[in-house]
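Colleague: I have just opened this one and would like a walk through some of its local details. Could you take me around?

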Protein chains: 2
Amino acid sequence: MPYFDAASSAPLHPVARQALLASLDEGWADPARLYREGRRARLLLDAAREAAADAVGCRADELVFTPSGTRAVHSGIAGALAGRRRAGRHLIVSSVEHSSVLHAAEAHEADGGTVTRMPVARTGAVDPAAYAAALREDTALACLQSANHEVGTEQPVAEVAGACRAAGVPLLVDAAQSLAWGPVAGGWSLLTAGAHKWGGPSGVGLLAVRKGTRFAPQRPVDERESGRAAGFENIPAIVAAAASLRAVRAEAAQEAARLRELTERIRARVPALVPDVEVVGDPVRRLPGIVTFSCLYVDGETLLHELDRAGFSVSSGSSCTSDTLTPSHVLRAMGVLSEGNVRVSLPFGAVEADVERFLEVLPGAVAGVREKLGAPTPTPAPAPATGPVPASGPAPASGPLPATASGAEGEGAPDALVLDALGKLCPLPVIELAKVIGEVPVGGTVRVLADDEAARLDIPAWCEMRGQRYVGEEPAAKGTAFVVRRTR
Amino acid sequence: MPYFDAASSAPLHPVARQALLASLDEGWADPARLYREGRRARLLLDAAREAAADAVGCRADELVFTPSGTRAVHSGIAGALAGRRRAGRHLIVSSVEHSSVLHAAEAHEADGGTVTRMPVARTGAVDPAAYAAALREDTALACLQSANHEVGTEQPVAEVAGACRAAGVPLLVDAAQSLAWGPVAGGWSLLTAGAHKWGGPSGVGLLAVRKGTRFAPQRPVDERESGRAAGFENIPAIVAAAASLRAVRAEAAQEAARLRELTERIRARVPALVPDVEVVGDPVRRLPGIVTFSCLYVDGETLLHELDRAGFSVSSGSSCTSDTLTPSHVLRAMGVLSEGNVRVSLPFGAVEADVERFLEVLPGAVAGVREKLGAPTPTPAPAPATGPVPASGPAPASGPLPATASGAEGEGAPDALVLDALGKLCPLPVIELAKVIGEVPVGGTVRVLADDEAARLDIPAWCEMRGQRYVGEEPAAKGTAFVVRRTR
């Protein structure tokens, strides 16, 4: 039963398990106490801190353990912003950060601060030159993930760190997805991660703050972990986290090569096996174990369910029919198709035969979902938009209709066919669009009325994949009208 | 090697260990995911929530798991205060709460709120009538621990809860020390605890918020734990926490009777075995496993070290020679002697023979420390102050000298002997006072100049124990002058 969702949480590494068991009997006491049980706990904690700092590439006294990666992010951002309050209240984050970073940015805005959210290319990477240009006199902190959690794209951290250093702005790197593979290169000032992503136990995050970085811990604060992480230390889990980080690092180079080859197979073969698929994320500058693709005319949650029934545990950045009706902020920022999105993230030790079996199962699963949804019969994509991997370039323009165009192509255009998809959830608006496009004369337009948030992303993406022209959107009496011109 | 500091952290209960091991393989995945590993994790989490809620005495949907008791306190207080913002910004806490509650109160003050800190009797308990009288129109939240962590005194929670209910004010009960023994009686609105106090693993706290309690979770917030505890859930530890809470509850009645008898022995025999000792805390309304006493002319940290060498791990509310030079806020609020303070907190399963052995070792350990410090030879205490257990009554007046008294007994009094103890740490000022008191004529006074914060507590306590009169304090050119009148 292959588990292919390591980017959510990795199964406990055997070394983590061993270390956890070994320290349960020694690590339960209060490390602040002076009696022998306390001293033993303190020794374990100190040794774990040394090991983790070594793996992170910092000094032990620069690293504290937190209850989770999320808490590390919140404490790190809040402490760095407060420490730099005199410099200003401007925060920069990329638009594809983990939700914890974006939540912290929202909290900063709610508190009166200003936030710049750096756009990304269609690969998911920020442009380092644009990032550098966003640094201001009053920038208190810049944040950039080491690699993206949904599509695996590596960010240009070293370049951005260099620009930050030159500007005297500290850079916080969320290294949650990459720390298993190696230390983060470049002159970062703060770094965060969570152990369950590398096969450590739940309940442990880490926050490194380099000496010389202005940092004012925010409440809650107590005397533990240098005042940077309140609450009783979870020492057995911390020991297990540090031991397993060391263990995965020892295997990292070999395993990276192996998993990269396996994900490369998926990247290469899925577009051949499944029609109307877009593989997203940078094909080269990426994590070894993650590959993400989106399938036209597919509801991601139903597809996940089908794959689960076939024995494969994968994730989706787009769960249109679940509680959250909005597509992944990462896919949206990249401007790529969000419907039928599947993220495969292979854990350490993933078995080649399982990957092959996944490639066998996937086409049938996608076809089954499409059939249930009444999707149009797959057609070969037109030449200009065929590439399964749009390697770079900005997202297609999808803003409001330009004023000059609205007369010809907008609301009042007499040739506009209207498709009412109000109240229909992704991927139905796109499926209906695909069905009616044949009725539109070449050169004519169709206005798709929709109120599902995902339509804003998926209709332009469909146009790009199908070689049609996306004109733009405009407000409608109900929902939004997305205007598409048939070009072929 | 007896460990007698269960109130700091209890050794892992065997059931916690079993449950942790059993759930390591099932509980590592993200419970928000829909694939089988996620569903299994969700099942474990849901079952643990049911079990914990049952033990707490609330509904499962009223309880969330947090990374620690400390985090539960901070989230609970912040959320309740925000939820009641329209009622007002007044917070009531007792003066003997756990530091996390007091830190939260400080944070509230720093944020512009007002705080009333309820005094306690010499037993450590708040007066429920006084607490009720402190409730105001604008009181947003009241906090009261179920029992004190340093002296074991149970608080009148049910009475205070009744008063709060009548006033329409939610009551948050920090049940960290008592939850192992049973649910908290009375109509509380919020309740917090941490698992490592009952033999569960580190890394798990719980926060219960009764339906109908206004509650606005404060940042950081994500979709986990009903938005009340951000960060990836630590499911194996949560399972272990819930299972061990159930297990200790099953043994609680029997173990409570057994430990109560053992601590009663210590309460009764220590004053007979060791001269110049004050046993503190309520002798009846108390937790089964905690007993605390203070020894005149003893440095608590040195005594702890001696007891550690003899194989006993105990704690002290007063570590005069450690980093924190101030005595415990609990002992200070109670107005009892802080020097030479020892807290014995027996874990579940504590062995009778170990307690007997402790009583054998203690007198020699105390005598050894006193000898090293050059303490006066013990003398039998005078009759009026002999009682080892001052069961109740307010703390002795120890404020600034009353204006009317200062002429006769204060700075300018011609008969005042001056003892310069500036720069000397607890217990040296008291030891020197004990040595010079014989030189003061009966009816005369001695002015002790001291700058150690503990002197403010320990000189009045010494007077009470030795049957001398504590007149008051007044500012001196350096430090403070504590004025004592010899009465015998």
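**A walk through the model**

Modeller: Gladly, and please keep in mind that this is a predicted model. A place to begin is B:Thr139, which lies in strand β4 of chain B, the strand that covers residues 139–145.

Colleague: Is B:Thr139 buried or exposed?

Modeller: B:Thr139 has a relative accessible area of 0%, and because buried means under 20%, B:Thr139 counts as buried.

Colleague: What does B:Thr139 touch?

Modeller: Leaving aside residues up to four places away in sequence, B:Thr139 touches B:Arg84, B:His90, B:Ile92, B:Ala134 and B:Val169. In addition, the side chain of B:Thr139 reaches the backbone nitrogen of B:Arg136, at 2.6 Å.

Colleague: Staying in chain B, how many residues of helix α8 are buried?

Modeller: Helix α8 of chain B, residues 300–309, is mostly covered, with 7 of its 10 residues buried. The buried ones are B:Gly300, B:Glu301, B:Leu303, B:Leu304, B:Glu306, B:Leu307 and B:Asp308.

Colleague: And what covers the buried residues of α8(B)?

Modeller: The cover includes α2 (36–56) of chain A, and from chain B it includes β9 (290–295), β10 (341–345) and α10 (352–373).

Colleague: What about the two ends of that helix?

Modeller: At the N-terminal end, α8(B) is capped by B:Asp299, which has a side-chain oxygen 3.0 Å from the backbone nitrogen of B:Glu301. Just after α8(B) comes B:Gly311, which takes a positive phi of about 100 degrees.

Colleague: Let me switch to chain A. How do α8(A) and α10(A) pack?

Modeller: Helix α8(A) and helix α10 of chain A, residues 352–373, pack at an angle of about 135 degrees, and their axes are 9 Å apart. That angle makes α8(A) oblique to α10(A), and α8(A) passes α10(A) in a right-handed crossing.

Colleague: Which residues make the contact?

Modeller: From α8(A) the contact is made by A:Thr302, A:Leu303, A:Glu306 and A:Leu307, and from α10(A) by A:Phe358, A:Val361, A:Leu362, A:Ala365, A:Val366, A:Val369 and A:Lys372. Divided by type, the residues of this contact are 8 nonpolar, 1 polar and 2 charged.

Colleague: Why would residues three or four places apart point the same way in a helix?

Modeller: An α-helix has 3.6 residues a turn, so residues with that spacing point the same way.

Colleague: There is another pair I wondered about, α1(A) and α7(A). At what angle do they pack?

Modeller: Helix α1 (residues 14–24) and helix α7 (residues 235–273) of chain A pack at an angle of about 150 degrees, with their axes 8 Å apart. This makes α1(A) roughly antiparallel to α7(A), because angles over 145 degrees count as roughly antiparallel. As for handedness, α1(A) passes α7(A) in a right-handed crossing.

Colleague: Which residues of the two helices meet there?

Modeller: On the α1(A) side they are A:Val15, A:Ala16, A:Ala19, A:Leu20, A:Ser23 and A:Leu24, and these meet A:Pro236, A:Ala237, A:Val239, A:Ala240, A:Ala243, A:Ser244 and A:Ala247 in α7(A). The residues of this contact divide into 11 nonpolar, 2 polar and no charged.

Colleague: New topic, the backbone. What is usual for phi and for peptide bonds?

Modeller: Most residues other than glycine have a negative phi, and most peptide bonds are trans.

Colleague: Which residue in the loop between β7 and α7 of chain A should I look at, then?

Modeller: Look at A:Glu225, which is found in that loop and has a phi near 45 degrees, a positive value in a residue other than glycine. At 6% relative accessibility, A:Glu225 counts as buried. Another to look at is A:Tyr297, in the loop between β9 (290–295) and α8 (300–309) of chain A. A:Tyr297 is not a glycine, yet has a positive phi of about 65 degrees, and A:Tyr297 is buried, with a relative accessible area of 4%.

Colleague: And where is the peptide bond cis?

Modeller: In chain A, a cis peptide bond joins A:Cys426 and A:Pro427, with omega about 5 degrees, and A:Pro427 is found in the loop between β11 (417–420) and α12 (428–436) of that chain. In chain B, the peptide bond from B:Cys426 to B:Pro427 is cis, with omega near 5 degrees, and B:Pro427 is placed in the loop between β11 (417–420) and α12 (428–436) of chain B.

Colleague: Last one: is B:Leu43 buried or exposed?

Modeller: B:Leu43, found in helix α2 (residues 36–56) of chain B, is exposed, with a relative accessible area of 60%. The C-alpha atoms of B:Leu43 and B:Pro31 are separated by 8.2 Å, and the two residues are 12 residues apart along the chain.

Methods. Residues numbered from 1 in each chain as written. Chains lettered and ligands numbered in written order. Predicted model: local features only at pLDDT ≥ 70, side-chain atom pairs only at ≥ 80, totals over all residues. Heavy atoms only, no water. Buried < 20%, exposed > 50% of the residue type's maximum accessible area, 1.4 Å probe, protein only. Helix = DSSP H or I, 4+ residues; strand = E, 2+ residues; numbered from the N terminus. Contact = heavy atoms within 4.5 Å. Polar contact = N/O pair within 3.5 Å; in protein donor to acceptor, adjacent residues only side chain to side chain. Axes fitted to C-alpha atoms, helices over the stretch in contact; angles between N-to-C directions. Parallel < 35°, antiparallel > 145°, perpendicular 65-115°, else oblique. Left-handed = near helix turned anticlockwise from the far one by under 90°. Nonpolar A, V, L, I, M, F, W, Y, C, P; charged D, E, K, R; others polar.
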